[in-house]
Amino acid sequence: MAACFHPPVKPDEDSVILFSTSNSPEGSTSPSSSYYHSSPPQRQLSSDTPAYDLMVNKLSYTIQQKKSTPVKILDSVSFVARSSELLAIVGASGTGKSTLLRIMSGRVKEFDPKSILLNNHPVNSPSEMKKICGFVAQEDNLLPLLTVRETLMFSAKFRLRGVSLREKEVRVESMIHELGLANVADSYVGDEENRGVSGGERKRLSIGVDMVHDPAILLLDEPTSGLDSTSALQVVELLSTMARVKQRTIVFSIHQPSYRILQYISSFLILSGGSAVHNGSLELLEERITRLGFKIPTQLNALEFAMEIMPVLVNSSNQDALSDSEQSPPSHHSHPGQNEVRESHGTQHHEPDSGGSSCWSLLEIMYLCSRFWKIMYRTKQLFLARTMQAVVGGLGLASVYMKVRKDEGGVAERLGLFAFSLSFLLSSTVEALPIYLQERRVIMKEASRGAYKVSSYMIANTIVFVPFLLAVAILFAAPLYWLVGLNPSMAAFAFFSFVVWLIVLMASSLVLFLSAISPDFISGNSLICTVLGAFFLFSGYFIPKESIPKYWIFMYYISLYRYPLDTLLTNEYWSAKGECFSWKADSEGIPRCALTGHDVLKSRGLDKDTRWINVGIMFGFFIFYRLLCWIILARRTSKTTI
């Protein structure tokens, strides 16, 4: 247990062995470091790596709630976070810890950016902080069906622009060792439903995802939340080593760290009601508590006791009365290349501004397509469900309408078959909703960090799903068409399959759009059912166009049911306009044709062959809903704080 209570080892100037936290003789083990299963490689301190001292000077933040008085979240908060050190923001829930971190990471725009300084230079805008900071949110927004190695590799591909694939692979392998994830590198991340890595391993992976591009400043929102004491200690050990080895500035929020964690933290910022009641080391806090006339119980550390006497600390924490050591500006260290940093601290070391090039956009799309294929293939429930749904649905409907007759009753049966097929196909994509909702938070997090553009995601999604849905359409259409005995022309069959493909494409786009605006699965499922029900009602199948109330007539024109239904009917009867489907005897007993294919089309107002016009409209719906989804996701991404 000796390693748990010794202060961290100071690295020498040239190199360090990562996670070497024990001072004990060779061969001893440390419980707090036992999760590292292999010796990670030595890392040289990079002479051109930018190092920053982060100063926050009298930062205030107020939110204006609707029909309510403004609420002040932060009130004149000041502190200094130095490179190579850990600064912990401590306080009860609702004291402004998360808001402070989000402001520093550039995810909140309504504040004075000049209250944040890097190496004594004011920040020009929140976007500047967003470029230079890595931010790890409290929630681990990861894709559960990727492995640990794949998760880091995709992050490296997106974030390390202008770096060769081999260098990215080396970086990822190095990070896997640094994060202590070598033994689970090929395990799925997992989630609540699919077993994967442990909570501590997920948290370290989340840190790695936002450290793969080597940001100068790392901000973490409660990285130990929900972890057991050992996992929490491992995470803080990891952060401490990263700060020392890479000369990084690391700031994180935490509720009440245990005694073993305290040794790794250089400074503490204690918040209460949005104001700073302490800014400095643990020793300074102990001295302050003693000056106030209190004695810290042996079973508590100074930080835990400070939480108990918070009202007293608040009353005594006048900014002017704080000691000079707690309020003095940063004594800047002489970091390698610091003069250059001061001139260009808004630049990103590994991310040149190549995002606008068409070449990089193509690479983004390629990487996203690769990731989509992996996830879709591994989502066995969705993959098999869609395939079985198409096969069983097509065969099931064919068994009901087997060899439909060519009489008046057969005309009605064909119309019912087309209407039910439409309803089945349009509602068959609802099961993709939870997957889209799960991906949405990951997309918003990655896109907001500049990993890729939302437009690249939408294009990749389209490229991957279009051929998959084509296969689904053929599996549904082929058995249904020939077993029912529809128009025997091969051209008519090919067009029927093409229309079925457009139907599932429209449905997929609609679900994607509704997933972008739905807050959760229950709301999204209800919204999809409501929208599809309204489209079906006003398709002209139940209520003729002439009988639809004028204030609802717009639904007839935007219904996803109307155009494919008319197209399928035209495809079936246009080449059989002169064919008779019902005979009746006249007054003289001579049989005469009572219903032709032309009559069937005329009853639906289909006097002209509008098949290709309808195809264009259906394709327009497919594009339209994806454009809406792109606009909504792009807007939400620009405002996200995750």
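Two strands count as paired if DSSP finds at least two bridges between them. Helices (H or I, at least four residues) and strands (E, at least two) are DSSP runs, numbered from the N terminus.

The model is predicted: local features need pLDDT of at least 70, side-chain atom pairs count only at pLDDT 80 or more, and totals for chains, interfaces and linings use all residues. Residues are numbered from 1 along each chain as its sequence is written, and side-chain values use heavy atoms, with hydrogens and water left out.

**Exercise 1. Find the bridge partner of Ile 270 in E12, and place E12 in its sheet.**

Solution.
- Start with the pair. Ile 270 has His 278 of E12 as its bridge partner.
- Widen to the strands. E11 (residues 267–272) pairs with E12 through five bridges, in the antiparallel sense.
- Widen to the sheet. Six strands form an open sheet in the order E8-E9-E10-E5-E11-E12, and the pairing is mixed.
- Locate the edges. E8 (133–136) and E12 (275–280) are the edge strands, each pairing on one side only.
- Add the twist. Neighbouring strands here are turned by 15 degrees against each other on average, direction ignored.

**Exercise 2. Trace the four-stranded sheet, strand by strand.**

Solution.
- Recall the principle. Strands of a sheet pair through backbone hydrogen bonds, either parallel or antiparallel.
- Write the order. The sheet is open, runs E4-E3-E6-E7 and has antiparallel pairing.
- Mark the edges. E4 (71–81) and E7 (121–122) each have a single partner strand, so one side of each is left without a neighbour in the sheet.
- Take E3 with E4. Seven bridges join these antiparallel strands, and Leu 54 is the bridge partner of Ala 81 in E4.
- Take E3 with E6. Three bridges join this antiparallel pair. Met 55 is bridged to Leu 117 in E6.
- Take E6 with E7. E6 (residues 116–118) and E7 run antiparallel and share two bridges. Leu 118 has His 121 of E7 as its partner.

**Exercise 3. Which strands does helix H2 lie across, and at what angle to E4?**

Solution.
- Name the strands. H2 (residues 97–104) lies across E3 (54–63), E4 and E6.
- Read the angle. H2 runs at about 65 degrees to E4.
- Check the convention. Axes are lines fitted to C-alpha atoms, for helices over the stretch in contact, and angles run from 0 to 180 degrees between N-to-C directions.

**Exercise 4. Classify two Phe pairs and describe the burial of their members.**

Solution.
- Set the ring rule. Rings of Phe, Tyr and Trp (its six-membered ring) pair if their centres lie within 6.5 Å; planes under 30 degrees apart are stacked, over 60 edge-to-face, and the rest tilted.
- Count. The rule gives 30 aromatic pairs.
- Classify Phe 536 and Phe 542. Their centres are 5.0 Å apart with 75 degrees between the planes, which is edge-to-face.
- Classify Phe 619 and Phe 622. This pair is tilted, at 5.8 Å centre to centre and 50 degrees between the planes.
- Locate the tilted pair. Phe 619 and Phe 622 are three residues apart in H24 (residues 611–639), separated by about one helical turn.
- Set the burial rule. Buried means under 20% relative accessible area, exposed over 50%, and partly exposed in between (1.4 Å probe, protein chains only).
- Apply the burial rule. Phe 536 is buried at 18%. Phe 619 is partly exposed at 44%, whereas Phe 622 is buried at 4%.
- Add the cluster. Ring pairs link Phe 372, Tyr 436, Tyr 457, Phe 465 and Phe 468.

**Exercise 5. Which rings have Lys 577 and Arg 611 over them?**

Solution.
- State the test. NZ of Lys or CZ of Arg must be within 6 Å of the ring centre and within 35 degrees of the ring normal.
- Apply it to Lys 577. Its charged end sits over the ring of Trp 574, 3.9 Å from the centre.
- Apply it to Arg 611. Arg 611 lies over the face of Phe 495, 5.6 Å from the ring centre.

**Exercise 6. Is Glu 446 buried or exposed, and what does Glu 446 contact?**

Solution.
- Place the residue. Glu 446 is in H17 (residues 433–448).
- Judge burial. At 14% relative accessibility, Glu 446 is buried.
- List contacts (heavy atoms within 4.5 Å). Neighbours within four places in sequence aside, Glu 446 touches Arg 371, Ala 451 and Tyr 452.
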